[in-house]
Amino acid sequence: MSLTFKDGARACVPTLLGYIGIGIAAGVVGKASNLSVLEVTLMSIIIYAGASQFIITGLMMVATPITAVIFTVFLVNSRHFLMSMATAPAFRRFSLINNIGIGSLLTDESFAVAMNAIANKAPITPPWMHGLNVTAYVAWILSCLVGALIGEWLPNPAQFGLDYALVAMFIGLLYLQLIGDKTKSIRNRIIAMLTVTVMLIFLLRFVSSEMAILFSTFAGCFMGIIVERKA
Amino acid sequence: MSTYSLLIILGSGIVTWLPRIIPFLLVRKLQLPDVVIRFLSYVPICILTALFVQNLFIVKQGEFPSFNLEYCIAAVPTIIVAILTRNLMWIVIAGMSCMALIRYFII
């Protein structure tokens, strides 16, 4: 008996709280950053990526040029490429349309659940994967919408510190990234982060904020691979 | 909704979608050079550092940036909650609460 859509949906349940929490936060943050409920909801439907949605919101607040935002998002999402690279072989023998569907809704969490199932030799199928992905997708969209509505009912968001939600989210995402990424030594990560910080403060005097963010990120990545090579 | 946000949402949607599906189209062992993979693996940590640090400053053209004090102060308890809970929801709630308290009592 092969795994069904329903089994996939059930496999998604343990991760749902994560989507709901971050989705509501993304909605509140978006609203506090002057996006409309429609914009927040469209973002969750079309972009469907937590970190990217926060970063876009942050960049839009400083009126970053459109091409710079899109390029930044492209860089941030490079890890999706790596996750899809790791997932794709498991579905190679199924139809193209199934594969595109699976790839389109792949997230950090559904990737993790699927990889875990594969490691445990579960015979996963496209319907199972769709069940896992679609459940998460629906939960995400609804959470962002609810978050945006909550944000709309608050009259003066700054009074409640809502403008700080974005900064707090960056702190949280950075910390989780820092403890979650086991592929680099702590020393290399700290060197990369210090490079970014120094470059950013220096560049902020001479170029716009968004350019400083982009260039200092590049500098940090370069420094990361340089210290890796030397080690 | 402005054209600005619509174009950003659509453009970002495309560049998010393509890296998700292209590997499924090219499953036949396309191998990125190792150095590119390593470079990309630093992107999340670096960009989040840049976004965080940039938020701690008030930027003026032609001058070195000055600290945004209330944001810097609120960062301390937020980081502590991050370390203690490792939970995004709590981190955001802690950050906002600290900011609200700072605005109410200090500034």
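Let me begin with a term: by a salt bridge I mean a side-chain nitrogen of Lys or Arg within 4 Å of a carboxyl oxygen of Asp or Glu. With that rule applied to this structure, which is a predicted model, the interface of chain B and chain A holds 1 salt bridge. The pair is B:R38 with A:E228, and the closest N and O atoms of these two residues lie 2.6 Å apart.

Polar contacts add to that picture, since 13 residue pairs are counted between chain B and chain A, with both residues of each pair at pLDDT 80 or more. On the chain B side, the elements that give two or more residues to the surface touching chain A are helix 1 (3-25), helix 2 (34-41), helix 3 (43-55), helix 4 (69-85) and helix 5 (88-105). Helix 1 of chain B gives the most, with 20 residues. By character, the residues on this side of chain B divide into 50 nonpolar, 14 polar and 6 charged.

Turning to the extent of the contact, 70 residues come from chain B and 95 residues from chain A. The area buried between the two chains is about 7,800 Å², and carbon and sulfur atoms give 77% of that area. Which three residues supply more than any other three of the area that chain B buries against chain A? They are B:R20, B:F24 and B:Y42, and they supply 11% of it.

Now a word on annotation, which here comes from an unreviewed UniProt entry: "transmembrane region" is assigned to residues 6-27, 39-59 and 79-106 of chain B. In the model, residues 39-59 of chain B are 76% helix and 10% strand, with the end C-alpha atoms 29 Å apart. Residues 79-106 of chain B, for their part, are 89% helix and 0% strand, and there the end C-alpha atoms are 20 Å apart.

Let me finish inside chain A, beginning with helix 6 (residues 96-104), whose buried residues are A:N99, A:I102, A:G103 and A:S104. What covers these buried residues includes helix 8 (126-153) of chain A together with helix 1 of chain B.

A:S110, in turn, has its place in helix 7 (residues 108-119) of chain A. Is A:S110 buried or exposed? A:S110 counts as buried, because its relative accessibility is 2%, and the cut-off for buried is under 20%. Leaving aside residues up to four places away in sequence, A:S110 touches A:Y19, A:L105, A:M129, A:L132 and A:N133.

Methods: Residues are numbered from 1 along each chain as its sequence is written. Chains are lettered from A and ligands numbered from 1 in the order in which they are written. Side-chain values use heavy atoms; hydrogens and water are left out. Contact means heavy atoms within 4.5 Å. Buried area is the accessible area (1.4 Å probe) that two parts lose on being put together, summed over both. A polar contact is a pair of N or O atoms within 3.5 Å; within protein, one must be able to donate a hydrogen and the other to accept it, and residues adjacent in sequence count only if both atoms are side-chain atoms. Helices (H or I, at least four residues) and strands (E, at least two) are DSSP runs, numbered from the N terminus. Ala, Val, Leu, Ile, Met, Phe, Trp, Tyr, Cys and Pro count as nonpolar, Asp, Glu, Lys and Arg as charged, and the others, Gly among them, as polar. UniProt positions are given in the numbering used here, feature names are shortened, and annotations may be inferred rather than shown by experiment. Buried means under 20% relative accessible area, exposed over 50%, partly exposed in between (1.4 Å probe, protein chains only).
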